[in-house]
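Please open the model in your viewer, with the sequence panel beside it, and follow the selections below in order.

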Amino acid sequence: KTPHAGSLSRIRRGRNADAMGKKHKSRPDDRARVVNAGHSGGKVKKKKANGATMKASRRKGGGASANGDGRPYDPTRTLSKPAPPPPSYTPSVPTGAYITPEHDEYDACVARSYVGFRVDPPRVLPDELHAEVAAAFKTMAKRGLFTRDVLAAGKTVSPTFVSRTLVGERGMTYHYQKLRIFASPWSDEDTPEGSPLRVVRKLNDAMKARSRALLTRHGDPRVGDVTGSCEFNVTLINLMEPERKESVALKDEGQFGMGKASVSWHSDSSLRDTSTVAVYHQTSGGIDGDDTSWHVALKCLDGVTPALRVPLRSHSAYYMMRDFNLHHHHAVLNGDTRRFSSTHRVAVTARDTFDYVKARCERALAVLPSLKWRAGKWPRGRKPPRDANEPLSNAVRTLGETHREVEFQWIRMFWLQGTRHASAHDGYWTRRIEELTQAWDVMELGFFFFAV
């Protein structure tokens, strides 16, 4: 029996946001060995790779060179068919299973085979924003907004190694690995003044602006002038602990021997084609800390190019632009401190918003009068419904498909994640799940027209 949303005990919590953090002091190594998101500078060094001479930009920050400036940003334009993957990179000398930014050929490898991957040092975003975000994440953790998801991978079902929460535009959900995650809305109309969710929206705006700048400044000849979208409508915020504090045993990154992985190799799904993914990284070491124990790992799918192991300083950000997610996988390697990561995405919306499923319900409920009339239960003397002559099969199919979708893709998806999940979404989603449950009840009654 489908549980009724009205049985949920509503819990409301309110706590003051934490105090602002310390100001970030400029460090001489802010630009050291990261994929520079700024304008080019420094010398150009030639390297032999794959039997040909290629130029690799050897900036202080390292990384891929720009292929032109000032291209227009058009989030609506995408590729008519997938672009070919970036060319493989064969190191001129043996590198082992993977390379790091300290390796001599790191920049050349990124420029050739990992085009679209860039890392920003902390100084790119304002110190005030870093402090606000730190306080917001801490408040969200205290309020219990982070939960472990139970996911189906193949024939097994297991909890995630990390705790997470989804925040985004009102009515948004994100569907992956057979689970629908419901976004806590960050809109002013759904959040009180001072809410940490408003700070997350502020961070999202900053990540969108930065991504637009990178997309217009740094091109990719494989896709021409296509920038793809960075109009992020959700962010999946992960809370990760060092292995010694994890209640779920971490697995080794088994392919390259990089150590324990908090998030195994994967590519992100349920995203708009050619869209950018932007990740904001923050650890408990603070904005002036030296913690670089957490790493993001990346690999090409060609089986030739060396994998990358890239250390991340707290309050840095990295970007996987355009179709990077299509041709590469990434993983998160466990560190020594608590870590928050806000992963900003352009999630698909065709079948994953409340407005969509509400419209489906309205269309299904609209066929009930014709079913009642066909079943001979229409009041005598009343004019038949307008769609009384429509094929019966169409009405039954609309009702049946919507009835199943609402139950299994929405109502059950919400409640199977537990009472803590429901409490975290008390307010916006509990009311809407109740609304869907009521629509489901009416659709259920519609089948009784033919039960006799």
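Which strand gives the most to the lining of the largest cavity? Strand 6 does, with 3 residues, and the tour will return to this cavity after a look at the whole chain.

Before selecting anything, note that this is a predicted model, in which local features need pLDDT of at least 70 and side-chain atom pairs count only at pLDDT 80 or more, whereas totals for chains, interfaces and linings use all residues. Residues are numbered from 1 along each chain as its sequence is written, and side-chain values use heavy atoms, with hydrogens and water left out.

**The whole chain**

Colour the protein chain by secondary structure, and 9 helices and 18 strands appear; helices (H or I, at least four residues) and strands (E, at least two) are DSSP runs, numbered from the N terminus. Of its 452 residues, 53% count as buried, where buried means under 20% relative accessible area, exposed over 50% and partly exposed in between, with a 1.4 Å probe and protein chains only. Among contacts (heavy atoms within 4.5 Å) with a separation of 6 or more, 79% are made by residues 24 or more positions apart.

**The largest cavity**

Select Thr147, Arg164, Thr165, His421 and His425 next. The structure holds 3 cavities of 30 Å³ or more, and these residues are the closest to the centre of the largest one among the 13 that line it. A cavity is, on a 1 Å grid over the protein atoms alone, a set of points where a 1.4 Å probe fits but cannot get out, and lining residues have an atom within 4 Å of a point. About 90 Å³ of space lies in this largest cavity, a volume being the space filled by probe spheres set on the points, with grid points joined across faces, edges and corners. Strand 5 (147-153), strand 6 (156-168), strand 8 (179-182) and helix 8 (419-424) each supply at least two residues of the lining.

**Strands 10, 13, 16 and 18**

Move to strand 10 (residues 234-240), where 7 of 7 residues are buried. Val234, Leu236, Asn238 and Met240 lie on one side, with Thr235, Ile237 and Leu239 on the other, and both faces are covered. Add strand 18 (residues 339-345), which runs antiparallel to strand 10 and is joined to it by 7 bridges; two strands pair if DSSP finds at least two bridges between them. Within this pairing, Leu236 has Thr343 as its bridge partner.

Then select strand 13 (residues 277-283), which is largely enclosed by the rest of the structure because 7 of its 7 residues are buried. Strand 13 is joined to strand 18 by 6 bridges, again in the antiparallel sense, and here the bridge partner of Val279 is Thr343. Strand 13 also pairs antiparallel with strand 16 (residues 317-320) over 4 bridges, with Tyr280 partnered by Ala317.

**Two helices**

Select helix 1 (residues 106-113), which is largely enclosed by the rest of the structure because 6 of its 8 residues are buried; these are Tyr106, Asp107, Ala108, Cys109, Val110 and Ser113.

Finish at Ser370 in helix 6 (residues 368-374). Is this residue buried or exposed? Ser370 counts as buried because its relative accessibility is 3%. A polar atom of its side chain lies 2.8 Å from the backbone oxygen of Val367. Leaving aside neighbours within four places in sequence, Ser370 is in contact with Pro385, Asp387, Ala388 and Ala395.

Methods: A polar contact is a pair of N or O atoms within 3.5 Å; within protein, one must be able to donate a hydrogen and the other to accept it, and residues adjacent in sequence count only if both atoms are side-chain atoms. On a 1 Å grid over the protein atoms alone, a cavity is a set of points where a 1.4 Å probe fits but cannot get out, and a pocket is an open set with protein on both sides within 12 Å along at least five of seven lines; lining residues have an atom within 4 Å of a point.
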